[in-house]
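Got a minute to look at a structure together? Below are some questions a newcomer might ask, each with a short answer.

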Amino acid sequence: MDESKNSTLEKALKGGKLDYTQTDFEIIDRIVEENSKIITKINQTYHSKNERRQLFSHLFGYQIPSTTDIKAPFNADLGCHTFVKDNVFINKDCFFIDLGGIWIDSNVKLGPRVNLITANHDENPSKRQNLITHAIHIKNNAWLGANVTVLPGVTIGENSIVGASSVVTKNVEPNSIVVGSPAKKIRQINFEK
């Protein structure tokens, strides 16, 4: 089972079209069910910052840095494909579809209700059960405002700002500000202020 589990998860992180077998879907469903127990525990009871950090470490499968703070409530489909570095702040009500992998670099700030989506379905109706995964990368010092949605395969460049309620469908250049749906660049970051 562990070898099958690892193979299924590796396919998802590799990205692209996943012609999952019934066994693959069963493995993913089992992981989702197990991690739902942790997410429920995170969300239903008050926990100190350190207690939350330990619960999130259990969910993600590694010790998250002591300088990182993730607020509850939080939700994820898989949980174990989210990778956060130091000094990250994730506000309340964020939702991560992390099957394809979410990498969050140092000093990133996510506003409330940010959605990070790394999986999609095949557009062909006869193959719609197939999944397509692409990782999301949020680079150092990026800031995503409240209710931002980032779609599969997007990289948010270093120091960039994504305005509230934006839908990010394409990569965001470093040191830029984007807003809207779909998000468009409005200007460069002003380092003189």
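Q: What makes S18 and S19 a pair of strands, and how many residues lie between them in the hairpin?
A: This is a predicted model, and in it S18 and S19 form a hairpin with two residues between them. Pairing takes at least two bridges. S18 (residues 176–180) and S19 (residues 183–188) share five bridges in the antiparallel sense, so they count as paired. At one of those positions, Gly 180 stands opposite Ala 183.

Q: What is unusual about the peptide bond between Ser 181 and Pro 182, and where does Pro 182 lie?
A: The bond that joins Ser 181 and Pro 182 is cis, with omega at about 0°. Most peptide bonds are trans. Pro 182 lies in the loop between S18 and S19.

Q: Where else is there a cis peptide bond, one that joins an Ala and a Pro?
A: Look at Ala 72 and Pro 73: a cis bond joins them, again with omega at about 0°. Pro 73 has its place in the loop between strand S2 (69–70) and strand S3 (74–76).

Q: Why does Ser 176 count as buried or exposed?
A: Ser 176 has a relative accessibility of 1%. Buried means under 20%, so Ser 176 counts as buried.

Q: How do you know that the side chain of Ser 176 has a polar partner in Glu 173?
A: Check the distance: a polar atom of the Ser 176 side chain lies 2.6 Å from the backbone oxygen of Glu 173. The cut-off for a polar contact is 3.5 Å, and 2.6 Å falls within it.

Q: Which residues is Ser 176 in contact with, beyond its neighbours within four places in sequence?
A: Ser 176 is in contact with Ser 160, Ile 161, Lys 185, Arg 187, Gln 188 and Ile 189.

Q: What makes the phi of Asn 175 stand out?
A: Its sign. Most residues other than glycine have a negative phi. Asn 175 is not a glycine, yet its phi is positive, at about 60°. You'll find Asn 175 in the loop between strand S17 (167–168) and S18. At 23% relative accessibility, Asn 175 is partly exposed, because the partly exposed range sits between 20% and 50%.

Q: What about the phi of Asn 159, and where is that residue found?
A: Asn 159 isn't a glycine either, and its phi is positive, at about 70°. The residue is found in the loop between S15 and strand S16 (161–162). Asn 159 has a relative accessible area of 21%, so it is called partly exposed.

Q: Why is H1 called roughly perpendicular to H2?
A: The axes of helix H1 (residues 2–14) and helix H2 (residues 22–44) come within 10 Å and cross at roughly 90°. Angles of 65 to 115 degrees count as roughly perpendicular, so that is the name for H1 against H2. Ser 4, Lys 5, Thr 8, Leu 9 and Lys 11 make the contact from H1, and Asp 24, Ile 27, Ile 28 and Ile 31 make it from H2. By class, that gives four nonpolar, two polar and three charged residues.

Q: What makes S1 and S10 edge strands?
A: S1, S11 and S10 form an open sheet of three strands in the order S1-S11-S10, with antiparallel pairing. Strand S1 (16–18) and strand S10 (119–121) each pair on one side only, and they are the edge strands. From one strand to the next, the twist averages 30°. Three bridges join S1 to strand S11 (residues 131–133), and Gly 16 has Thr 133 as its bridge partner in S11.

Q: How do you know whether Thr 133 is buried or exposed?
A: Thr 133, in strand S11, has 0% relative accessibility, so it counts as buried. A polar atom of its side chain lies 2.7 Å from the backbone oxygen of Ala 12. Among the residues in contact with Thr 133 are Lys 11, Leu 18, Leu 99 and Thr 118.

Q: What makes S4 and S7 a parallel pair?
A: S4 and strand S7 (residues 102–104) pair in the parallel sense over three bridges. In S7, Ile 104 is the bridge partner of Val 84. Both strands belong to an open sheet of four, in the order S4-S7-S12-S15, whose edge strands are S4 (82–84) and S15 (155–156).

Terms used: Residues numbered from 1 in each chain as written. Predicted model: local features only at pLDDT ≥ 70, side-chain atom pairs only at ≥ 80, totals over all residues. Heavy atoms only, no water. Axes fitted to C-alpha atoms, helices over the stretch in contact; angles between N-to-C directions. Parallel < 35°, antiparallel > 145°, perpendicular 65-115°, else oblique. Contact = heavy atoms within 4.5 Å. Nonpolar A, V, L, I, M, F, W, Y, C, P; charged D, E, K, R; others polar. Buried < 20%, exposed > 50% of the residue type's maximum accessible area, 1.4 Å probe, protein only. Polar contact = N/O pair within 3.5 Å; in protein donor to acceptor, adjacent residues only side chain to side chain.
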